[in-house]
Amino acid sequence: WDAKGLGSILPNGIAQSLAGYAFNCPDMIGGGQYTDFVEEGTLKPKPGFVLDQELFVRYAQASALFPMLQLSLPPWRVLENEALLAVKRAIALHDQFK
């Protein structure tokens with residue numbers, strides 16, 4: 001949520017575009033890699049891990065405006081229905097600009 005995370009996506013994207021990098025991509029939506037969220041070798045969530053669903057959605061919405069979009073977690077596995085629908089809308093918006 002801070003200036004080093006979600007708050008940095010658009011300013012960094014603009015700076016990269018002005019520097020000539022046309023195909024920049026923000027970090028993975030959901031953050032981290034899959035093994036950061038589940039116990040290795042299983043699909044069981046790591047003890048104490050709680051996914052911030054709103055942050056996941058907001059990151060997807062901001063990333064939808066970039067040339068590339070990458071998810072670190074399958075949203076249908078980790079999001080509640082309302083958040084999943086919001087991410088699907090963000091991905092559909094991204095697809096409109098292909």
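User: Before we look at anything, what do buried, exposed and partly exposed mean?

Analyst: Buried means under 20% relative accessible area, exposed means over 50%, and partly exposed is in between, using a 1.4 Å probe and protein chains only. Take Lys-46: its relative accessible area is 33%, so Lys-46 is partly exposed. Lys-98, at 79%, is exposed. One thing to know early: this is a predicted model, where local features need pLDDT of at least 70 and side-chain atom pairs count only at pLDDT 80 or more, while totals for chains, interfaces and linings use all residues. Residues are numbered from 1 along each chain as its sequence is written, and side-chain values use heavy atoms, with hydrogens and water left out.

User: How many helices and strands does the protein have?

Analyst: Start with how they're assigned: helices (H or I, at least four residues) and strands (E, at least two) are DSSP runs, numbered from the N terminus. Here there are four helices and zero strands, so from the N terminus the order reads α-α-α-α. The C-alpha trace spans about 45 × 25 × 25 Å along its principal axes. Of the 98 residues, 31% count as buried.

User: Where does Lys-46 sit, and which residues does Lys-46 touch?

Analyst: Contact means heavy atoms within 4.5 Å. Lys-46 is in the loop between helix 1 and helix 2. Not counting residues up to four places away in sequence, Lys-46 touches Thr-35, Asp-36, Phe-37, Val-38 and Glu-39. You can also look at C-alpha distances: Lys-46 and Thr-35 are eleven residues apart in sequence and 8.8 Å apart in space.

User: What about Lys-98: where is that one?

Analyst: Lys-98 is in the segment after helix 4. Lys-98 and Pro-67 are 31 residues apart in sequence, with 7.8 Å from C-alpha to C-alpha. For another pair, try Ser-72 and Ala-92: 20 residues apart in sequence and 18 Å apart in space, again C-alpha to C-alpha. As for the whole protein, look at contacts with a separation of 6 or more: residues 24 or more positions apart account for 68% of them.

User: Which residues of helix 2 are buried?

Analyst: Helix 2 covers residues 53–63, and its buried residues are Phe-56, Val-57, Tyr-59, Ala-60, Ala-62 and Ser-63. They pack against helix 1 (9–18), helix 3 (75–78) and helix 4 (81–96).

User: What caps the N-terminal end of helix 2?

Analyst: The idea to use is the polar contact: a pair of N or O atoms within 3.5 Å, where within protein one must be able to donate a hydrogen and the other to accept it, and residues adjacent in sequence count only if both atoms are side-chain atoms. Asp-52 does the capping, with a side-chain oxygen 3.3 Å from the backbone nitrogen of Glu-54. Also in helix 2, the side chain of Ser-63 reaches the backbone oxygen of Tyr-59 at 2.8 Å.

User: At what angle do helix 2 and helix 4 pack?

Analyst: Axes are lines fitted to C-alpha atoms, for helices over the stretch in contact, and angles run from 0 to 180 degrees between N-to-C directions. Under 35 degrees counts as roughly parallel, over 145 as roughly antiparallel, 65 to 115 as roughly perpendicular, and the rest as oblique. Helix 2 and helix 4 pack at about 10°, with axes 8 Å apart, and are therefore roughly parallel to each other. Helix 2 brings Gln-53, Phe-56, Val-57, Ala-60, Gln-61 and Ser-63 to the contact, and helix 4 brings Ala-83, Ala-86, Val-87, Ala-90 and His-94.

User: Is His-94 buried or exposed?

Analyst: His-94, in helix 4, is buried, with a relative accessible area of 10%. Leaving aside neighbours within four places in sequence, His-94 is in contact with Ser-63, Ala-64, Phe-66, Pro-67, Met-68 and Leu-69. Ser-63 is buried too, at 1%.

User: Which residues touch the most other members of the largest nonpolar core?

Analyst: In soluble globular proteins, nonpolar side chains tend to be buried together. A nonpolar core is a set of buried Ala, Val, Leu, Ile, Met, Phe, Trp, Tyr and Cys residues joined through side-chain atoms within 4.5 Å. Of the 19 residues in the largest one, Ile-9, Phe-56, Leu-79 and Val-87 touch the most other members. Helix 2 and helix 4 are the elements giving two or more residues to this core. Leaving aside neighbours within four places in sequence, Val-87 is in contact with Phe-56, Val-57, Ala-60, Pro-75 and Leu-79.
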